[in-house]
Amino acid sequence: QRRKGKAGMKKTVTLTNRQIVNSHAGLSLLAGKSMATIPGFSIFKNKAALTPHAKDYHEYRQQILKRHALLDGRGNPVVQDKQVLFETPEAEAAAVAELEVLVAIEVTVEIRTVALAELGGVEVEPEVLEALEWMIEE
């Protein structure tokens, strides 16, 4: 639920790794759009705040996959048709269980708010705004 407040203000939010990864992608998309300075700077700062957490998530996810997935000659998980391959269903189940825990881990970050009205002229898909709801003020 969005709260009323002043755009550009700092606030602390707690997000899951899933939210961080989804939000980081949305912030990257918004960062390429033309907008006013205050919301543009807030988006830039929020992306910068989430980047180390998204990087940590991806690195640890890769470690999980390397422990359970079928690996190529260089020690990387084998991917076919955008799916990681596993030698056994048990190995896949173990990876899925660990990944479910990983995406649910919560991280607290300081972000800047953006007023919904300030994004009015920016064309963006509703699912992107939904992923960024935690930073949008009415």
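The legends below accompany an overview and several close-up views of a predicted model of one protein chain.

**Figure 1. Overall arrangement of the protein chain in the predicted model.** The secondary structure comprises 4 helices and 6 strands, which follow one another from the N terminus in the order β-α-α-β-β-α-β-β-α-β. Taken along the principal axes, the C-alpha atoms occupy a box of roughly 50 × 25 × 20 Å. Of the 138 residues, 33% count as buried, and the accessible surface amounts to about 8600 Å², with 51% of that area belonging to carbon and sulfur atoms. Among contacts between residues at least 6 apart in sequence, 71% join residues at least 24 apart. The chain carries 17 positive and 19 negative charges, and the mean positions of these two sets are 9 Å apart.

**Figure 2. Close-up of the largest nonpolar core and of the surroundings of Met-135.** This core contains 20 residues, and those with the most contacts inside it are Leu-132, Trp-134 and Met-135. At least two of its residues are supplied by each of strand E1 (10-16), helix H1 (17-31), helix H2 (37-68) and strand E4 (106-112). When neighbours within four places in sequence are left aside, Met-135 is in contact with Leu-27, Leu-30, Ile-43, Asn-46, Ile-111, Arg-112, Thr-113 and Val-114.

**Figure 3. Close-up of a second nonpolar core.** Separate from the core around Leu-132, Trp-134 and Met-135, a second core is made up of 10 residues, including Ile-64, Leu-65, Ala-91 and Leu-99.

**Figure 4. Close-up of two salt bridges that involve strand E1.** The whole structure holds 4 salt bridges, of which two are shown in this view. In one of them, the side chains of Glu-110 and Lys-10 meet with an N to O distance of 3.8 Å. Because Glu-110 lies in strand E4 and Lys-10 in strand E1, this pair ties together parts that are 100 residues apart in sequence. Glu-110 is partly exposed, at 48% relative accessibility. In the other, Glu-137 forms a salt bridge with Lys-11, and the closest N and O atoms are 3.5 Å apart. Glu-137 belongs to strand E6 (residues 136-137) and Lys-11 to strand E1, so the pair connects parts that are 126 residues apart in sequence. Glu-137 is buried, with a relative accessible area of 3%, and Lys-11 is likewise buried, with a value of 16%.

**Figure 5. Close-up of the salt bridge between Glu-98 and Arg-67.** The side chains of these two residues meet at an N to O distance of 2.4 Å. Since Glu-98 lies in helix H3 (residues 89-104) and Arg-67 in helix H2, the pair ties together parts that are 31 residues apart in sequence. Glu-98 is partly exposed, with a relative accessible area of 26%, and Arg-67 is also partly exposed, with a relative accessible area of 44%.

**Figure 6. Close-up of the loop between strands E2 and E3, with Asp-81 and Lys-82.** Asp-81 is placed in the loop between strand E2 (79-80) and strand E3 (83-84), and Lys-82 is located in the loop between E2 and E3 as well. Although Asp-81 is not a glycine, its phi is positive, at about 50 degrees; Lys-82, not a glycine either, has a positive phi of about 65 degrees. Asp-81 counts as exposed at 68% relative accessibility, and Lys-82 counts as exposed at 79%.

Note on methods. Residues are numbered from 1 along each chain as its sequence is written. This is a predicted model: local features need pLDDT of at least 70, side-chain atom pairs count only at pLDDT 80 or more; totals for chains, interfaces and linings use all residues. Side-chain values use heavy atoms; hydrogens and water are left out. A nonpolar core is a set of buried Ala, Val, Leu, Ile, Met, Phe, Trp, Tyr and Cys residues joined through side-chain atoms within 4.5 Å. Buried means under 20% relative accessible area, exposed over 50%, partly exposed in between (1.4 Å probe, protein chains only). Contact means heavy atoms within 4.5 Å. Accessible areas come from the Shrake-Rupley method with a 1.4 Å probe; for residues, only the protein chains shown count as cover. Lys and Arg count as positive and Asp and Glu as negative; His and the chain ends are not counted. The place of a charge is taken as NZ of Lys, CZ of Arg, CG of Asp or CD of Glu.
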